[in-house]
Amino acid sequence: MAPRPLLRAALFVALSLLLTLLLAFALPAAVSVLARCAGVPEEAGAAHCVALLYALFVVCVALPRIPRGSLPVEGKAVFITGCDSGFGHALAKHLHKLGFTVFAGCFLKDQAGEGAAVLENMHSDRLKVVQLDVCSDEQVSTAVEFIRANLENPEKGLWAVVNNAGVSMFGEVEFTTMDTYKQVSEANLWGTIRVTKAVLPLIRRAKGRVVNIASMYGRMGNALRSPYCISKYGVEAFSDCLRYEMKTWGVKVSIVEPGNFIVATGILTRDIVAATAEKLWKEAPPSVQEDYGKPHFEHYMALMRSYCNSGQRDVAPVLDDITDAIISKRPYTRYNPMEPYWWIRMQVMSHLPGAISDRLYF
């Protein structure tokens with residue numbers, strides 16, 4: 001079976017070639033008809049130029065990733081948040097193996113969390129685990145002071161920060177409390193901003209990298225996912241604004257938008273769905289319970305349970321993209337590690353009129 005990135009590239013090329021042919025043949029004819037109706041000379045040549053430019057664009061965009069040069073790893077330090085499990089835990093090991101000095105922020109370090117213990121038991125001078133709740137100003141400040149004190153050369157700064165820590169939540173809007181909206185955004189959005197602001201002086205000193213983990217749901221909405229989507233849309237906006245500002249300082253800002261990695265990360269399990277469903281129903285106002293009804297509610301909770309075994313099983317595509325954002329001389333603005341279906345859906349929902357995408361997916 002062909003690797004997913006190659007399959008995605010092949011699908012993109014096929015669709016783009018189809019559009020190129022339509023532009024090459026249909027557009028000139030349309031321009032000719034309009035020209036005759038307007039009583040002006042036909043400008044079919046211009047239409048062919050448009051098609052040629054589009055074809056060149058396709059060639060540039062659809063080709064597999066072209067090497068853009070890599071920076072040396074030696075002497076560089078990276079700060080990663082959310083290393084208890086999932087992407088963060090795997091990334092800490094991966095970057096350490098590549099030769100980086102890694103500061104791994106773990107929410108459960110002080111509670112003897114399993115993920116933090118595994119990293120500490122590696123007994124490496126280049127892997128340091130720090131207690132970190134990204135929602136706490138005090139813990140973020142303490143972690144940054146620890147990093148500054150343990151850098152090999154603080155004057156050279158910190159090469160990269162990877163804002164990975166986050167939480168997920170689901171539920172229809174009328175079943176979701178304001179506290180839930182605030183809690184999800186506090187971790188996913190304000191946590192990203194809080195950590196970035198705290199380490200930015202060190203990153204600027206190194207002319208380094210800021211890598212923010214958003215999501216495909218930072219580019220498109222979905223039913224039952226409003227708390228998560230809102231927070232990740234915010235991460236996208238923050239990252240764009242920061243990128244514009246940091247250009248002057250030589251700091252590169254990249255966004256990684258993973259697709260469905262539920263199985264690989266364990267972010268959603270049947271136990272989590274059951275506990276969340278109980279909480280949602282219990283906290284819903286009586287009028288909402290009555291209007292929606294238990295069968296409607298159970299239908300959507302069953303839908304969420306069906307997602308528990310879905311998605312990609314290997315986090316390697318995400319790790320590869322984050323690594324590229326950290327060490328490439330010319331990193332991309334956005335990375336999309338996701339299956340072809342989700343990549344196409346994201347393009348459709350991002351670029352086509354809402355009336356079309358709504359009809360296709362909802």
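Begin with the whole protein chain in cartoon view, where the secondary structure comes to 14 helices and 7 strands; keep in mind throughout that this is a predicted model. Colouring by burial shows that buried residues make up 46% of the 362 residues in the chain. Among contacts in the chain with a separation of 6 or more, those between residues 24 or more positions apart account for 73%.

**The nonpolar cores**

Select I80, F100, V162, I322 and I326 next, since these are the residues that touch the most other members of the largest nonpolar core, which has 32 residues. Elements giving two or more residues to this core are β1 (77–80), α3, β2 (101–106), α4 (114–120), β3 (127–131), β4, β5 and α12 (316–327). Of the elements, it is α12 that gives the most, with 6 residues. Centre the view on I80 and show its surroundings: leaving out residues up to four places away in sequence, I80 touches G88, L91, A92, L95, V102, F103, A104, G105 and V162. Then select A77, I193, V235 and I255, which are included in a second, separate core of 30 residues. In soluble globular proteins, nonpolar side chains tend to be buried together.

**Aromatic pairs**

A search of the whole structure finds 9 aromatic pairs. One of them is formed by F87 and F261, whose rings are edge-to-face, with 5.6 Å from centre to centre and 80° between the planes. This pair links distant parts of the chain, as F87 belongs to helix α3 (residues 86–98) while F261 sits in the loop between β6 (252–256) and α8 (262–265), 174 residues apart. F87 counts as buried because its relative accessible area is 13%, under the 20% cut-off, and F261 is buried too, with a relative accessible area of 3%.

Move on to F175 and W281, a stacked pair with 6.1 Å from centre to centre and 20° between the planes. Because F175 lies in the loop between β4 (160–163) and α6 (178–206) and W281 in helix α9 (residues 270–283), the pair ties together parts that are 106 residues apart in sequence. Both F175 and W281 are buried. Add Y292 and F297 to the selection to see one aromatic cluster, formed by F175, W281, Y292 and F297.

**Charges over rings**

With W281 still displayed, select K294, whose charged end sits over the ring of W281, 5.0 Å from its centre. Another such arrangement can be found by selecting K76 and W159, where the charged end of K76 sits over the ring of W159, 5.0 Å from its centre.

**A buried arginine**

R225 is the next stop, in the loop between β5 (209–213) and α7 (226–246). What is the nearest side chain of opposite charge to R225? It is that of E172, 13 Å away, and R225, although buried, has no salt bridge. Not counting residues up to four places away in sequence, R225 touches S168, M169, F170, G171 and Y217.

**A last stop in α13**

Finally, select V348 in helix α13 (residues 340–351). Is V348 buried or exposed? V348 counts as buried, because its relative accessibility is 14%. Leaving aside neighbours within four places in sequence, V348 is in contact with S357, L360 and Y361. A distance label drawn from C-alpha to C-alpha between V348 and Y361 should read 9.9 Å, for two residues that are 13 apart in sequence.

Note on methods:
Residues numbered from 1 in each chain as written. Predicted model: local features only at pLDDT ≥ 70, side-chain atom pairs only at ≥ 80, totals over all residues. Heavy atoms only, no water. Helix = DSSP H or I, 4+ residues; strand = E, 2+ residues; numbered from the N terminus. Buried < 20%, exposed > 50% of the residue type's maximum accessible area, 1.4 Å probe, protein only. Contact = heavy atoms within 4.5 Å. Lys, Arg positive; Asp, Glu negative; His and termini not counted. Salt bridge = Lys/Arg side-chain N within 4 Å of Asp/Glu carboxyl O. Phe/Tyr/Trp six-rings, centres within 6.5 Å; stacked < 30°, edge-to-face > 60°. Lys NZ or Arg CZ within 6 Å of the ring centre and 35° of its normal. Core = buried A, V, L, I, M, F, W, Y, C linked by side-chain atoms within 4.5 Å.
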